[in-house]
Number of protein chains: 2
Amino acid sequence: MSDLASTTAPAASLDELEQAHADLVAAGLDLDLTRGKPGADQLDLSTDLDGIIGDDWMLDGVDTRNYGSLDGLPSIKAIGGRLLGMPATNVLAGGNSSLELMGRYLVHAHVFGVGGPDTAWNRGQPKMLCPVPGYDRHFSLTEHLGIEMVPVELTEDGPDMDRVEELVGNDHDVVGMWCVPKYANPTGITYATEVVRRLARLGQVASDHFRIMWDNAYAVHDLTDQPDYLESIFTEAEVNGTQDSVVQFASTSKITLAGSGVAFLGTSLGNLAAFRDHLQYFTIGPDKVNHLRHVRKLGGSRAIGDHMAAQAELIRPKFAIVQEVLADGLGDDGRHGHWSTPSGGYFVSFWSRPGLAGEIVDLAARAGVKLTPAGAAFPYGDDPDDSHIRLAPTYPAQDDVRRAMEVFVTCVKLATARADTTS
Amino acid sequence: MSDLASTTAPAASLDELEQAHADLVAAGLDLDLTRGKPGADQLDLSTDLDGIIGDDWMLDGVDTRNYGSLDGLPSIKAIGGRLLGMPATNVLAGGNSSLELMGRYLVHAHVFGVGGPDTAWNRGQPKMLCPVPGYDRHFSLTEHLGIEMVPVELTEDGPDMDRVEELVGNDHDVVGMWCVPKYANPTGITYATEVVRRLARLGQVASDHFRIMWDNAYAVHDLTDQPDYLESIFTEAEVNGTQDSVVQFASTSKITLAGSGVAFLGTSLGNLAAFRDHLQYFTIGPDKVNHLRHVRKLGGSRAIGDHMAAQAELIRPKFAIVQEVLADGLGDDGRHGHWSTPSGGYFVSFWSRPGLAGEIVDLAARAGVKLTPAGAAFPYGDDPDDSHIRLAPTYPAQDDVRRAMEVFVTCVKLATARADTTS
């Protein structure tokens with residue numbers, strides 16, 4: 001452990017902590033734990049995508065170089081189906097961004113209507129349920145569309161289902177719900193099977209055009225050899241006849257290349273046909289050449305598993321450093337807060353003592369460590385407890401993760417000590 | 001010339017033409033002149049895009065493999081700027097589809113408002129001017145958005161500007177206008193300099209949020225060594241202080257790979273900032289890896305020109321066959337209609353005697369030759385003269401273009417002879 005960390009030992013006084021922080025500010029660090037970006041070493045695992053095509057540009061009998069195939073060809077849909085746990089025929093393969101597909105689906109539902117103009121959400125006063133803490137880009141997109149966001153607590157097992165069922169069943173202005181069901185951004189929890197089953201039954205009591213936006217971004221992003229298990233919501237929805245109420249999303253952005261992957265949408269055949277009817281006005285088809293590259297790389301039965309195991313080797317030490325520095329610096333008595341210990345995904349959540357998150361993020365920024373703004377994981381940026389901070393350790397090198405976390409610990413202890421002094 | 005063509009000599013009787021058509025139906029051809037798709041030989045010119053990256057994935061100092069760069073990096077913007085005739089800083093580089101960028105811009109303007117919600121076109125009863133004949137996908141997109149389309153005649157020099165100026169100046173519900181200014185889809189004409197200048201001045205009399213959608217899809221798609229000249233509308237707009245009234249689009253879909261190119265949007269810096277503000281909710285960034293590939297291939301000062309000259313070598317004979325079969329089969333007396341002789345682009349327009357286009361397309365379909373539906377080049381599919389037919393000769397092989405055109409000539413003559421008989 002470095003000198004900086006040793007100055008943040010639990011017994012340090014307020015004065016010592018203020019001095020430690022001042023030293024860090026003077027040191028002029030420039031570290032960044034804000035975004036869930038893969039590290040360069042992870043991306044190196046996929047540079048064989050360039051040159052993977054060779055002389056054969058055909059996929060499923062189609063010349064990938066030309067126009068067409070609005071929802072992608074069968075072989076790339078099959079990869080999406082494996083990520084989403086559903087048949088390939090229910091899947092659309094798109095461009096490089098699942099966020100773009102989510103936004104497009106929401107515009108389809110909100111502005112145009114999944115069943116025609118009379119069913120457009122914007123005819124009423126639509127609301128979406130937002131488990132919190134959650135993914136900031138889901139929330140900013142929803143706000144941009146003018147859809148009201150209703151926070152719901154995210155527990156260790158998933159969203160508070162008693163509350164969700166009450167809201168969805170009693171208020172048909174609730175037209176949708178965001179879910180990141182596995183290794184959730186940002187807490188890292190995975191929805192329990194009973195939660196998935198209850199979510200799959202919501203379609204029985206919800207508004208006709210209610211949609212669960214099921215963003216399974218971390219479906220295969222295990223960090224341990226005992227990965228979390230996620231029940232297939234598609235199978236559960238089929239059992240309950242509620243297939244139309246679930247729209248799933250995934251991408252290879254955090255499997256192959258972050259900016260150059262393939263995004264997928266999977267849903268009922270009826271929903272898919274309606275979405276295609278909308279999409280056809282906006283594009284002739286996706287980049288099938290990039291689809292071909294991904295089929296070549298990920299199409300084998302063990303390819304995704306082997307590839308993600310190699311990724312985990314690179315990410316796991318960084319998550320271990322986060323846990324180590326937090327435990328060493330803050331102890332386990334909860335006095336300085338608590339944090340998640342995810343088995344996969346890209347994030348660790350930290351909860352400070354209430355009222356201190358904004359101050360901690362500000363202290364860290366002044367000490368040269370960028371963190372996601374406090375409150376970002378909540379609709380309208382409003383964390384009512386001012387407690388949650390998202391940590392994203394994948395992008396920096398291991399040494400930088402350690403230094404950034406040591407700074408973070410110092411800032412947490414300083415903010416806590418200040419609060420102790422004034423209270 | 002083949003046997004089929006010889007049976008369609010100008011002097012053939014109605015009975016002979018009916019028999020010739022029946023023979024074609026029996027022959028069971030399967031030919032397609034519907035879409036402006038590049039031929040496989042054109043695509044072969046760009047297969048070096050796979051493997052072009054090698055070991056260096058950086059572009060302008062940025063790792064193209066990771067997230068980010070919402071509107072693309074400077075080097076790819078520069079290529080867009082060359083296609084659009086404007087500075088790179090005014091350009092956004094996007095995904096694989098300029099139609100997608102157009103649709104996104106229209107959703108931005110129509111639903112969200114280029115200057116905030118109060119400026120959204122859908123607050124009123126918006127109309128767009130549509131030079132006809134025009135591009136069917138522009139019109140279907142506009143109709144899908146619920147924007148009324150007002151047809152304006154496209155002359156040999158561009159849109160009928162007297163009519164355009166009257167409509168734009170007197171009716172502020174006219175919020176936009178479609179233009180394909182060079183080698184226009186489908187007639188192949190290029191807007192005269194005076195027309196470009198008058199279009200650039202529309203912003204002085206138009207509604208504040210009026211936008212010309214300038215789809216310069218064929219900017220570098222010359223077929224002869226005396227290419228048409230298109231004045232830069234950006235420069236003209238700058239002179240008149242109307243930069244906000246023009247949004248330009250282009251792509252490399254018909255330069256490199258049709259399904260895997262790079263699309264561009266170019267406009268005033270103010271418009272670009274507003275569009276970025278909208279776009280940021282829907283995507284983290286475009287496929288920068290594909291941008292890098294295109295910078296490597298097209299970045300040299302002569303690269304685009306040399307590449308398009310090679311394309312022209314492949315396309316020119318097909319356009320020559322169209323002209324030859326039409327002239328040989330129909331003569332030049334206008335009795336069977338007339339057609340365009342473009343110097344570039346992807347299409348030839350044919351105008352039958354009024355009232356016959358639908359019948360000719362139907363006759364051709366029964367004889368195994370698919371043509372774009374009659375009326376497709378008009379808003380709501382309504383060609384008031386039932387006269388225009390779009391011919392797209394790039395995709396089939398030369399022999400197939402000839403056979404398809406011979407069938408077409410037979411169908412034109414048969415429909416004309418039938419009309420002569422009943423009149």
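How many bridges join strand β8 of chain B to strand β9 of chain B, and in which direction do the two strands run? I would like to begin there, and I should say at once that what we are looking at is a predicted model. The answer is that 4 bridges join β8, residues 174-179 of chain B, to β9, residues 211-215 of chain B, and that the two strands run parallel. To give one of the pairings by name, B:G176 has B:R211 as its bridge partner in β9(B).

Let me now widen the view to the sheet that holds these strands. In chain B, 8 strands form an open sheet in the order β4-β11-β10-β9-β8-β5-β6-β7, and the pairing within the sheet is mixed. Its edge strands are β4, residues 91-93, and β7, residues 158-159, of chain B, each of which pairs on one side only.

Two helices of chain B can be placed against this sheet. Helix α5, residues 98-112, lies across β9, β10 (246-251) and β11 (263-266) of chain B, and runs at about 155 degrees to β10(B). Helix α6, residues 136-144, lies across β5 (127-132), β6 (148-155) and β8 of chain B, running at about 160 degrees to β6(B).

Next, the relation between the two chains. A turn of 180 degrees, with a shift of 0.0 Å along the axis, lays chain A on chain B with an RMSD of 0.0 Å. The two copies are therefore related as by a two-fold rotation axis. Within chain A, the residue that comes closest to that rotation axis is A:G51, at 1.9 Å for its C-alpha.

As for the contact itself, 39 residues come from chain A and 39 residues from chain B. On the side of chain A that touches chain B, the elements giving two or more residues are α3 (40-44), α5 (98-112), α6 (136-144) and α11 (288-298) of chain A, and the largest share, 5 residues, comes from α5(A). By character, the residues of that side divide into 16 nonpolar, 16 polar and 7 charged.

Finally, a helix pair within chain A. The axes of α8 (residues 193-201) and α9 (residues 233-240) of chain A come within 8 Å and cross at roughly 45 degrees, which makes α8(A) oblique to α9(A). Their crossing is right-handed. Here A:V196, A:R197, A:L199, A:A200 and A:R201 in α8(A) meet A:I233, A:E236, A:A237 and A:N240 in α9(A), and the residues of this contact divide into 5 nonpolar, 1 polar and 3 charged.

How values were computed. Residues numbered from 1 in each chain as written. Chains lettered and ligands numbered in written order. Predicted model: local features only at pLDDT ≥ 70, side-chain atom pairs only at ≥ 80, totals over all residues. Axes fitted to C-alpha atoms, helices over the stretch in contact; angles between N-to-C directions. Parallel < 35°, antiparallel > 145°, perpendicular 65-115°, else oblique. Left-handed = near helix turned anticlockwise from the far one by under 90°. Contact = placed C-beta atoms within 7 Å. Nonpolar A, V, L, I, M, F, W, Y, C, P; charged D, E, K, R; others polar. Least-squares fit on C-alpha atoms with pLDDT ≥ 70 in both. Pairing = 2+ DSSP bridges.
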